[in-house]
Amino acid sequence: MLAAVLKELSKPLRIEEVSTPSPGPDEVLVQVMACGTDATDLKMIDGFGYAPDLPFITGHEIAGVVSEFGNQVTDFKPGDRVVAHNFFTCGKCLLCRTNREQLCIDMSGVMGARIKHGGHAEYVLVPARQLVSVPDGVPWPDAAVCCDAGITAFHAVDRAEVSLGETVVVIGVGGVGSVVTQLAKAAGAYVIAVDRLTVKVARGLKMGADVALNASETDVETEVRELTDGLGADCVIDVVGNKETLTYGVNTLRHGGRLLVVGYTPELYELSGRQLAQNELMLIGSRCGRLQDLANAVRLVAEGKIKSIVTDLYPLEKINDALDDLRASKVLGRAVLLTPAGRKAMEQV
């Protein structure tokens with residue numbers, strides 16, 4: 001099968017022919033139709049975040065059809081349309097048993113990021129219990145991005161407990177931020193989208209934000225205070241997570257407000273304990289999402305309640321072009337790679 005292989009950190013991926021894997025008793029061999037690529041891949045390629053043993057097949061936003069399966073699999077049949085949850089969890093620890101499986105303390109791998117090869121290939125192995133069915137009619141690229149952008153955004157808004165009438169600031173209007181903006185608005189919030197790129201500021205409005213601010217041209221803290229009659233935001237969802245955004249994110253919160261951190265960078269952030277304590281601020285981390293969050297994201301896309309965030313399509317063989325465009329901030333929403341089978345399927349629609 002054709003695969004994009006990371007052979008050396010900070011180097012382009014190699015497009016190679018590798019052996020097609022065979023499913024174990026509880027595994028499904030998925031023929032990949034589409035697989036997204038995003039900042040997680042860039043971090044990993046640069047040696048930050050996940051650190052897989054090399055050589056390694058990347059790709060964690062996987063959508064495809066069931067090709068083969070092991071003798072213990074009973075829930076799927078050949079041809080079924082599926083997407084894959086990223087986390088290879090133990091299913092036994094307290095976190096797994098209390099619906100927080102993405103925090104599993106005995107995780108055996110992360111799809112396309114750690115130990116387990118991913119979907120930047122024509123086929124990928126996935127445990128059957130990590131698969132979610134995809135209804136007919138959902139385009140392959142939109143199904144694929146549910147596995148990261150969709151699930152992450154749904155989990156973030158859920159964890160932030162966004163509610164009717166609140167003011168929510170969304171920092172970063174890329175893939176995840178585009179979905180967060182839509183979901184926060186659907187929850188009844190007044191949404192302020194923030195980005196440093198003019199095209200993404202405009203995208204924030206297209207995704208449903210009430211106001212969009214350009215952080216490179218305006219003082220975000222001052223603007224948010226003015227928009228909220230001096231009170232500040234009820235909630236800030238930071239999809240970027242660098243020192244600058246975390247600083248003004250905290251400073252835009254009202255007393256009792258909450259900052260939810262989705263994105264992260266190598267930068268460290270200094271937080272005032274006094275500000276945190278005396279203003280009773282809440283800091284909340286959010287990691288990807290649960291299997292049910294993925295199912296919910298797929299459902300909302302299928303029902304047309306989440307607009308497509310896919311803006312750039314590439315053949316799998318051009319993955320390095322996609323990565324270069326990501327680094328150069330040329331991808332407005334989400335970039336998706338199509339395998340040869342995926343391209344054929346898209347042409348037939």
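In the next few minutes I will go through a sheet, the helices that lie across it, the cavity and pockets, and one residue, Val176. Please keep in mind throughout that this is a predicted model.

Let me begin with the sheet, which is open, has 6 strands with parallel pairing, and follows the order E13-E12-E11-E14-E15-E16. The edges are taken by strand E13, residues 211-214, and strand E16, residues 282-285, and because each of these has a single partner strand, one side of each is left without a neighbour in the sheet. Going from one strand to the next, the twist averages 20°. As a general reminder, strands of a sheet pair through backbone hydrogen bonds, and they do so either parallel or antiparallel. At the E13 edge, strand E12, which covers residues 190-195, runs parallel to E13 and is joined to it by 4 bridges; if you would like one pair to look for on the screen, Val194 has Leu213 in E13 as its bridge partner.

Now to the helices. Helix H3, residues 140-160, lies across strand E14 (233-238), strand E15 (253-261) and E16, and its direction makes an angle of about 155° with E15. Helix H7, residues 243-251, lies across strand E11 (167-171) as well as E12, E14, E15 and E16, and in this case the angle to E15 is about 150°.

That brings me to the empty space in the model, where H3 comes up again. Counting cavities of 30 Å³ or more, the structure holds 1, and the largest cavity has a volume of about 80 Å³. Which helix provides the largest share of its lining? The answer is H3, with 5 residues. Among the residues that line this cavity are Asp142, Val145, Cys146, Ala149 and Gly150, together with others such as Val179, Val301 and Lys307. Sorted by class, the lining has 7 nonpolar, 2 polar and 2 charged residues.

The open spaces come next, and the largest pocket has a volume of about 1400 Å³. It is lined by 49 residues, of which Ala39, Lys43, Val239, Val240 and Gly263 are the closest to its centre. Several elements each supply at least two residues of this lining, namely helix H1 (39-45), H3, helix H4 (175-186), E12, H7 and helix H10 (319-327). The lining divides into 23 nonpolar, 16 polar and 10 charged residues.

The second largest pocket, for its part, has a volume of about 290 Å³. Of the 18 residues that line it, Glu27, Phe88, Lys116, His117 and Leu125 are the closest to the centre, while strand E9, residues 123-127, gives the most to the lining, with 4 residues. By class, this lining comprises 8 nonpolar, 6 polar and 4 charged residues.

I will finish with a single residue, Val176, which is found in helix H4. Is Val176 buried or exposed? Its relative accessible area is 9%, and since the cut-off for buried is under 20%, Val176 counts as buried. Leaving out residues up to four places away in sequence, Val176 touches Asp148, Ala149, Thr152, Ala153, Val239, Val262 and Arg334. Two of these names have already come up, as Ala149 is one of the residues lining the largest cavity, and Val239 is among those closest to the centre of the largest pocket. By way of a distance, Val176 and Gly24 are 152 residues apart in sequence, and their C-alpha atoms are 33 Å apart in space.

Terms used. Residues numbered from 1 in each chain as written. Predicted model: local features only at pLDDT ≥ 70, side-chain atom pairs only at ≥ 80, totals over all residues. Heavy atoms only, no water. Pairing = 2+ DSSP bridges. Axes fitted to C-alpha atoms, helices over the stretch in contact; angles between N-to-C directions. Contact = heavy atoms within 4.5 Å. 1 Å grid on protein atoms, 1.4 Å probe; cavity = no way out; pocket = protein on both sides within 12 Å on 5 of 7 lines; lining within 4 Å. Points joined across faces, edges and corners; volume = space filled by probe spheres on them. Nonpolar A, V, L, I, M, F, W, Y, C, P; charged D, E, K, R; others polar. Buried < 20%, exposed > 50% of the residue type's maximum accessible area, 1.4 Å probe, protein only.
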